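Student: I would like a close look at a single part of this structure. Please take one strand and explain how it sits among its neighbours.

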Amino acid sequence: MSTLEALVAAARPEAARVITFSQAVREALAEEMRRDERVFVIGEDVAEAGTPFKVLSGLVEEFGPGRVIDTPISEAGFTGLAVGAAMTGMRPVVDLMFGDFLTLVMDQLVNQAAKTHYMSGGKLRVPLVLRTTLGATRRSAAQHSQSLQAWVSHVPGLIVVTPSTPYDAKGLLKTAIRNDNPVVFFEDKMGYTDKGEVPEGDYAIPFGVADVKRPGEHVTLVATSSMVQVALKAADELARQGVSAEVVDPRTLFPLDKETLVASAKKTGHVIVIDEGYERYGVTAELAAVIADGAFYHLDAPVKRLGAMDVPVPFAPTLEDVTVPTPEVVVALTKRLLAGEA
Amino acid sequence: MIETKEPSMSGALRISAEVGSRIYQQMWRIRVFEEHANELYLAGKMPGLTHLYTGQEAVAVGVCEALQREDYITSTHRGHGHCVAKGARLDLMFAELLGRSPGYNRGKGGSMHIADQENGNLGANAIVGGSAGIATGAALSAKMRGSGQVAVCFFGEGALGQGLLHEVMNMAQLWDLPVIYVCENNRYGEYTHFSETTAGTVLGRAQALGMKAFEVDGQDVLAVNEVLTQLVAAARDGGGPALVECHTYRYHGHHVGDINREYYRPKAEELEWREKRDPIKLFGERLVAAGLASAEELAALQAAVREEAAAALAFALAAPFPDPSEVTLHVYA
Ligand SMILES: Cc1ncc(C[n+]2csc(CCOP(=O)(O)OP(=O)(O)O)c2C)c(N)n1
């Protein structure tokens, strides 16, 4: 066991077991609801149905319909209710079925939740978590496939969390629920069945602490959420070809652990930033700017970006599949970058 | 079209002299606060602009007199009246209007965002209809906590055009939430008469949901108070939400800078409301007629309020602006 692995293992309180990403989310919610009776879940088909993705199955049986609240199809309405409930002593967790529906809740999230603490001179607080999804390639077409984390990352007052593993999902969701700010928590809908080691006990992962998912020497792959697995697969292939890639996951887009990103960039001198949101004006642009700013004199090449293609997500698999970065694309770009051709 | 609705002047007053004085004083405090706010704008002493509540005092006071301190309200861009009626201090309100450090929001909110959580005011809101979710959520929270609190959502009839209001009213009715939706129908949304923007009736929107709905003369503070007292008591007992449409009028423009208004509403109409339907004048006359106060006592109340307001304003004008170093304070809790 490497030193790093030993440290990680020691930081985990109990023997790890393997569960899925959605089980990890559910477990975090259940543990927090047991711990704090102010925590409740609100959204469409969250109770008996347990959401269309079955992430919340079993919660209503334990906590009852008074704390796992099925709503009408009123995204702005139930998000607004959550803002008011959060301002008055509760800790709501909003379930927004698809990230694409952020369009419908933007006023409540951006003009109300995000600004209330500041505008009130620090008197009012909005301890609210809004869980939603991101990710394409589910053949769901343009209105159910977007990764809109850049939109909310743009807004002061919001915290944005993008877990990539079951372990991170559980630990970060607990931190989100215990935090006194509005938090938008993105789950990769294609990653719900991914498995990973997750301790049974209580643990929380602090915001603003990136995680080096794989150490390496020649190139840094900064990847978020769904793109972390893509980067890790690319790193496997690169290793076979003699290239050592470091994969860094910021885990939270705000607060952002700039130090870890910059330190990795300084070490390898080559960086590719990968996020499933649209590339144009996207998360990759911000991360690349942060890295260029902090590590410019240590870089051997420009920071490269890989995001979703700037098109509405198409339906046909042959079209959809080319809109999202894949391990093959990452490998090819890395080789060009290291060859001084990118 | 001018809506004329005869104020109800009949009937003995079922209030004590003490309550009568308080109601009168609260309405007068709003009136005088707004006079100063207008002057501050005209004299160029106020950053930005503001929306005056003058003319609508009976709604805010009639409603808030039916509430306890712990009860919640959410307010609007035209929110000074709600804030005063719910128990706020004039000095801290003036300070906020002027962007000064001791203001209710440390100068970070201004006129359109004053919040006074100690008195249950969850804040004015500059998004029309934007606080409907917050009020309804506060009611959901009160119900979940079993606190017995009630929430009132103040909104102008212009907010009826917003989908959010209808979404949350539906949930409030479904779940019997203790929230009262108070629609202040002052006839105009900005520079447009409400008949040009509103199909059907205001009450009909609630009735379609099976929600209790009442219409009341918003210039009659006791009429407003009576309806609200009943509805608040019912809501506290689990009787669910209600909507109340209060017919009222704003004397000034949409905001302090809206001075030439004849293109959207005739002077004669303004005069009619000011002279025949002024809520403070009408209530004062009723107090005197019922022997609950003398004209001299009312004049003394007025003078005392003027003194309070002048001192409050002087405090605010002398108060410091926030230090620039505070700009990053309270972005996150
Ligand atoms: C969502 C939104 N749209 C438009 C505006 C601009 N605006 C401010 S006040 C107002 C009129 C509101 O009318 P009403 O709700 O009846 O309140 P009143 O001003 O009459 O008190 C408008 C259109 C806004 N602030 N928010």
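Tutor: What follows is a description of one strand in chain B, after a short look at the chain around it.

This is a predicted model, in which local features need pLDDT of at least 70, side-chain atom pairs count only at pLDDT 80 or more, and totals for chains, interfaces and linings use all residues. Residues are numbered from 1 along each chain as its sequence is written, while chains are lettered from A and ligands numbered from 1 in the order in which they are written.

Chain B has 11 helices and 7 strands; helices (H or I, at least four residues) and strands (E, at least two) are DSSP runs, numbered from the N terminus. Chain B is as compact as a globular protein of its length, because its radius of gyration is 19 Å, close to the 20 Å that the globule rule gives for 333 residues. That radius is taken over C-alpha atoms, and the rule is 2.2 Å times the number of residues to the power 0.38. The C-alpha trace of chain B spans about 50 × 50 × 45 Å along its principal axes. Of the 333 residues in chain B, 55% are buried. A residue is buried if 20 or more other C-beta atoms, placed from the backbone, lie within 10 Å of its own, exposed if 12 or fewer do, and partly exposed in between. Among contacts in chain B with a separation of 6 or more, 77% link residues 24 or more positions apart; a contact needs C-beta atoms, placed from the backbone, within 7 Å.

Now to the strand itself, S7 of chain B, residues 242–247. In S7(B), 6 of the 6 residues are buried, so the strand is largely enclosed by the rest of the structure. In a regular strand the side chains alternate between the two faces of the sheet. Here B:Ala242, B:Val244 and B:Cys246 point one way, whereas B:Leu243, B:Glu245 and B:His247 point the other way, and all are buried.

Two strands pair if DSSP finds at least two bridges between them. Strand S3 of chain B, residues 179–185, runs parallel to S7(B) and is joined to it by 6 bridges. Within this pair, B:Cys183 stands opposite B:Glu245. Strand S6 of chain B, residues 212–217, also pairs with S7(B) in the parallel sense, over 6 bridges. There, B:His247 of S7(B) is the bridge partner of B:Asp217. The charged residue B:Glu245 and its neighbour B:His247 thus both point the same way from S7(B).

How values were computed. Two residues are in contact if their C-beta atoms, placed from the backbone, lie within 7 Å.
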